[in-house]
Amino acid sequence: MLELASGELVAMRSELGLTLPGTAVIHSRTLTSDSQGGYTQTYAAASTVDARLSPEGLRGNEGPFAGRVAELSPWILTVPYTTSINEGNRVVYASDTFEVSEVLTRVPWDLCIRARLMEVD
């Protein structure tokens, strides 16, 4: 495998940062007991990062989501490589709310993190 010097990685990450024109607020989920054997989900802002949101492929496919049939329109979020983001987090981008369904496998040179999102009604 090709080795890159740390200076080259810094330059590549800096260049990639120029392609992140928006801002994403990442929210972490907390489960709180509802005293009836269940729980309530709450979300709190955990970080704000530069980001780019792009549609993934064709829009308007139907399929199961959250226990019902829904229009599935996945999105790809690109954020800096130092961002902490996990499945189950929520992301607010341009006043729209999305749920992280998958954090995509990283490449050897961690230039960025990409996550697959689904829009929340």
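V120 sits in the segment that follows β8 (112-119). Helices and strands here are DSSP runs numbered from the N terminus, with at least four residues for a helix (H or I) and at least two for a strand (E). The model is predicted: local features require pLDDT of at least 70 and side-chain atom pairs pLDDT 80 or more, while totals for chains, interfaces and linings take in all residues. Residue numbers start from 1 along each chain as its sequence is written, and side-chain values rest on heavy atoms, without hydrogens or water.

V120 is partly exposed, at 23% relative accessible area. Buried means under 20% relative accessible area, exposed means over 50%, and partly exposed lies in between (1.4 Å probe, protein chains only). Setting aside neighbours within four places in sequence, V120 contacts R90, T97, F98 and E99. Contact means heavy atoms within 4.5 Å. The C-alpha atoms of V120 and D96 are 8.1 Å apart, with their positions 24 residues apart along the chain.

**Overall make-up**

The protein has one helix and eight strands. Their order from the N terminus is α-β-β-β-β-β-β-β-β. Of the 121 residues, 29% are buried. Among contacts with a separation of 6 or more, 50% link residues 24 or more positions apart. The accessible surface is about 7700 Å², and carbon and sulfur atoms hold 52% of that surface. Such areas come from the Shrake-Rupley method with a 1.4 Å probe; for residues, only the protein chains shown count as cover.

Mean pLDDT is 87 for the protein, and 87% of the residues reach 70 or more. pLDDT is the predictor's confidence in each residue, on a scale from 0 to 100. Among the elements, strand β3 (residues 61-65) has the lowest mean, 61, and β6 has the highest, 98. Where pLDDT is low, predicted coordinates should not be read in detail.

**The barrel**

Six strands form a closed barrel in the order β1-β2-β5-β8-β7-β6, with antiparallel pairing. From one strand to the next, the twist averages 45 degrees. The axes behind this angle are lines fitted to C-alpha atoms (for helices, over the stretch in contact), and angles run from 0 to 180 degrees between N-to-C directions. Two strands count as paired if DSSP finds at least two bridges between them.

β1 and β6 are antiparallel and share four bridges. Here H27 has R90 of β6 as its bridge partner. V25 stands opposite V92 in β6. β6 also pairs with strand β7 (residues 96-103), again antiparallel and over four bridges. In that pairing, V92 has T97 of β7 as its bridge partner. The β6 and β7 hairpin has two residues between its strands, and A94 takes a positive phi near 50 degrees there. β7 and β8 run antiparallel and are joined by five bridges. V100 stands opposite L117 in β8.

Side chains alternate along β6. V91 and Y93 point to one face and are buried; R90 and V92 point to the other and are not buried.

**Two residues with polar contacts**

T83 lies in the loop between β5 (75-80) and β6 (90-93). T83 is buried, with a relative accessible area of 7%. Beyond residues up to four places away in sequence, T83 touches I26, V49, R106 and I113.

S33 belongs to strand β1 (residues 22-33). S33 is exposed, with a relative accessible area of 60%. Outside the residues up to four places away in sequence, S33 touches G38 and Y39.

Both side chains make a polar contact to the backbone, listed below. A polar contact is a pair of N or O atoms within 3.5 Å; within protein, one must be able to donate a hydrogen and the other to accept it, and residues adjacent in sequence count only if both atoms are side-chain atoms.

| Side chain | Backbone atom reached | Distance |
|---|---|---|
| T83 | oxygen of P80 | 2.9 Å |
| S33 | nitrogen of S35 | 3.2 Å |
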